[in-house]
Amino acid sequence: MVRGARQPQQPRSRLAPRLTGTVEKPPRKRRSRTEFALKEIMSSGGAEDDIPQGERKTVTDFCYLLDKSKQLFNGLRDLPQYGQKQWQSYFGRTFDVYTKLWKFQQQHRQVLDNRYGLKRWQIGEIASKIGQLYYHYYLRTSETSYLNEAFSFYSAIRQRSYYSQVNKEDRPELVVKKLRYYARFIVVCLLLNKMDVVKDLVKELSDEIEDYTHRFNTEDQVEWNLVLQEVAAFIEADPVMVLNDDNTIVITSNRLAETGAPLLEQGMIVGQLSLADALIIGNCNNQVKFSELTVDMFRMLQALEREPMNLASQMNKPGMQESADKPTRRENPHKYLLYKPTFSQLYTFLAASFKELPANSVLLIYLSATGVFPTGRSDSEGPYDFGGVLTNSNRDIINGDAIHKRNQSHKEMHCLHPGDLYPFTRKPLFIIVDSSNSVAYKNFTNLFGQPLVCLLSPTAYPKALQVLMSLCGRWHFTATSQPEVLSADIV
């Protein structure tokens, strides 16, 4: 049974500031709109004067909660995408309203069915929004346990067939809601490595798209077919499969299991630094992706996480009862996922991570991007003379893996050069470059004496593997199958 949406616990060490504006009584404009809708809905069920006052109040309260929930949910897109504090108060208010809305429709289902005309797809839409809240909270906090919460609501929608009646209504916008629900559910299942569920969902989504395009002459048919192609290619590229010494195929898990952490050797001392923040950047051409998440980004974000744990089952473990008021948190490094960012976007997120990096912490930068090579020879060998990796731009991009600057007298402006990262070496930095021009970062200079590691992918492969590298990423394939060819600079 799906329980009400619980507001995630605030991080103990990062208290969210109180934002201006609280949940107020409905303003006059919203009240009049609710009353108008209420009159239209309830008048269809009989004379308005014959409706008991208690049932009238139930419908009025539901309309208000529904209207307020939509208002808060739509406001999420206006929150800053970077920074780890500004958004928490608003998320908390949104969770509170959806919790009340979900419980309210459960407690008053019969009245809402009779007087409001509540339909099952509307219940599914509320559950879908709660699932989206949990998923976006995971993206904001990197706490994998909230993926399970999102999965529980998405799964309930499917099990209870909340969207089953949508296809009988002649409203294409409702069918699109259903298709988007499937796409979101697939993303969550991919992140949870529930590949069997993913394959079932893809089959159902394919049938739904076929029915949708057959019934409605829409312009988005090509786009939805592209979604199917992307997820099919993603499933084929993942999970990671490697060969053991006896040539047997082994499927590896990227996340750190509870019992999978390697033990420290005798005499080893735990370091004073911990990984606190990470930027995962994907900007490769022709790479397998789904929902702005490339395969290499997908694998890297999982490599920085522990296996998700159900929040409810975690509290039922022996020894957990004593600290029931303070749930144990499974800390993961905070992450930003940037798909084809511009240089300004990349620098903005990088500066935000640098600013909020706690003491004795490390910032990780993972660059999976097309190489930018210099043309001609330069008289100097500075940090801007060897090229770098591509950042997004509005201009046409040359097909292929190598992008050359057009004017030999100027540096490539849509490129992240090694020198662009020099200001951030004022704090401990861990850089992974997965690119055909990773060697541009080989002689990375440590200007400020802080801990600095550069891990570089190979730039040459056997011909038989070149296509696979371009589709699935260089660094992850090499790290799992041929770690001896990786290049690391520790300066």
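## Exercises on a predicted model

The structure holds zero disulfides. The model is a predicted one.

### Exercise 1: The chain as a whole

Describe the protein chain by its secondary structure, burial, contacts and surface.

Solution.
- Step 1. Count the elements. The protein chain has 14 helices and twelve strands.
- Step 2. Check burial. Of the 491 residues, 47% are buried.
- Step 3. Turn to contacts with a separation of 6 or more. Residues 24 or more positions apart account for 73% of them.
- Step 4. Take the surface. The protein chain exposes about 25900 Å². Carbon and sulfur atoms supply 52% of that area.

### Exercise 2: Two cysteines

Decide whether Cys63 and Cys454 are buried or exposed.

Solution.
- Step 1. Set the cut-off. Buried means under 20% relative accessible area.
- Step 2. Apply it to Cys63. Its relative accessibility is 10%, so Cys63 counts as buried.
- Step 3. Apply it to Cys454. Its relative accessibility is 0%, so Cys454 counts as buried.
- Step 4. Recall the bond. A disulfide joins the sulfur atoms of two cysteines covalently. The structure has zero disulfides.

### Exercise 3: Helix α12

Test the length of helix α12 (residues 343–356) against its expected span, then find what covers its buried residues.

Solution.
- Step 1. Work out the expected span. The rule is 1.5 Å times one less than the number of residues. For the 14 residues of α12 this should give 20 Å.
- Step 2. Compare. The end C-alpha atoms of α12 are 20 Å apart, which agrees.
- Step 3. List the buried residues. In α12 these are Leu346, Phe349, Leu350, Ala352, Ser353 and Phe354.
- Step 4. Recall helix geometry. An α-helix has 3.6 residues a turn, so residues three or four places apart point the same way.
- Step 5. Find the cover. It includes β3 (274–283), β4 (334–339), β5 (361–369) and β9 (415–416).

### Exercise 4: The nonpolar cores

Locate the largest nonpolar core and its best-connected members.

Solution.
- Step 1. Find the hubs. The core has 86 residues, and Ile186 and Leu191 touch the most other members.
- Step 2. Find the main contributor. Helix α7 (residues 172–191) gives the largest share, 13 residues.
- Step 3. Place the core. Domain 1 (51–236) and domain 2 (239–259 + 269–307 + 329–394 + 409–468) both give residues to it, so the core lies between them.
- Step 4. Trace Ile186. Leaving out residues up to four places away in sequence, Ile186 touches Val198, Leu201, Val202, Leu205, Val231 and Phe290.
- Step 5. Look elsewhere. Another core, of 28 residues, lies apart from this one; among its members are Ile281, Leu357, Val433 and Ala440.

### Exercise 5: Asn167

Place Asn167 and list its contacts.

Solution.
- Step 1. Locate Asn167. It lies in the loop between α6 (145–159) and α7.
- Step 2. Classify it. Asn167 has a relative accessible area of 22% and is therefore partly exposed.
- Step 3. Check a distant residue. Tyr212 is 45 residues apart from Asn167 along the chain, yet their C-alpha atoms are separated by 8.1 Å.
- Step 4. List contacts, not counting residues up to four places away in sequence. Asn167 touches Val175, Lys178, Glu208, Asp211 and Arg215.

### Exercise 6: Positive phi

Compare Ser291 and Glu292 by phi, place and exposure.

Solution.
- Step 1. Read phi. Ser291 has a positive phi near 55°. Glu292 has a positive phi of about 55°. Ser291 is not a glycine, and neither is Glu292.
- Step 2. Place them. Ser291 sits in the loop between β3 and α10 (295–303). Glu292 is also found in the loop between β3 and α10.
- Step 3. Classify them. Ser291, at 44%, is partly exposed. Glu292, at 53%, counts as exposed.

Definitions and conventions: Residues numbered from 1 in each chain as written. Predicted model: local features only at pLDDT ≥ 70, side-chain atom pairs only at ≥ 80, totals over all residues. Heavy atoms only, no water. Helix = DSSP H or I, 4+ residues; strand = E, 2+ residues; numbered from the N terminus. Buried < 20%, exposed > 50% of the residue type's maximum accessible area, 1.4 Å probe, protein only. Contact = heavy atoms within 4.5 Å. Core = buried A, V, L, I, M, F, W, Y, C linked by side-chain atoms within 4.5 Å. Domains from an automatic or database assignment. Disulfide = S-S within 2.5 Å. Areas by Shrake-Rupley, 256 points an atom, 1.4 Å probe, with all protein chains shown as cover.
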